[in-house]
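Colleague: Please take a close look at the salt bridges in this predicted model. Which residues pair up, and where do they sit?

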Amino acid sequence: MSFNLSAARAEGASGVEAMPSNEGIVVSSIDAAGYTYMELANGGKKFWIAAPTTKVSNGEHIRFVESMRMHNFTSKTLNRTFSELIFVTSTQAKVEE
């Protein structure tokens, strides 16, 4: 069995912890019309989810249950189009194990 030390160092040096695709760190949030829109960061990418109205704080690590993914979704309430928006049925704060 071989171990690639330089690859391990490169991964650790990035400071980005790998998370499952249904988790993220809240970057920003907007409450509107029964939904909370949350911009999440996971690794090097950011994406938006829409959940039933939820209390969240920036920097919070959450897990979500995906329901549907929409492309070029326009929110009339926010007067904004999201290139991709993930509708979720529920969210929960990630409990550290």
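**Salt bridges**

Modeller: Start with Glu66 and Arg69. They form a salt bridge, and their closest N and O atoms are 2.9 Å apart. How exposed are these two? Glu66 is partly exposed, at 38% relative accessibility. Arg69 is partly exposed too, at 39%.

Arg69 has another partner. Its side chain meets that of Glu84 in a salt bridge, at 3.4 Å from N to O. This pair links distant parts of the chain: Arg69 belongs to strand 4, while Glu84 is in strand 5, which covers residues 80–93. The two residues are 15 apart in sequence. Glu84 is partly exposed, with a relative accessible area of 26%. Put the pieces together: Glu66, Arg69 and Glu84 are linked in a network of salt bridges.

Now turn to Glu23. It forms a salt bridge with Arg63, with 3.1 Å between the closest N and O atoms. Glu23 lies in strand 1, residues 23–32, and Arg63 lies in strand 4, residues 61–75, so the pair ties together parts that are 40 residues apart in sequence. Look at the surroundings of each partner. Glu23 is buried, with a relative accessible area of 3%. That value falls under the 20% cut-off, which is why Glu23 counts as buried. Arg63 is partly exposed, with a relative accessible area of 25%. So this bridge joins a buried residue to a partly exposed one.

In total, the model has 3 salt bridges.

Technical notes. Residues numbered from 1 in each chain as written. Predicted model: local features only at pLDDT ≥ 70, side-chain atom pairs only at ≥ 80, totals over all residues. Heavy atoms only, no water. Salt bridge = Lys/Arg side-chain N within 4 Å of Asp/Glu carboxyl O. Helix = DSSP H or I, 4+ residues; strand = E, 2+ residues; numbered from the N terminus. Buried < 20%, exposed > 50% of the residue type's maximum accessible area, 1.4 Å probe, protein only.
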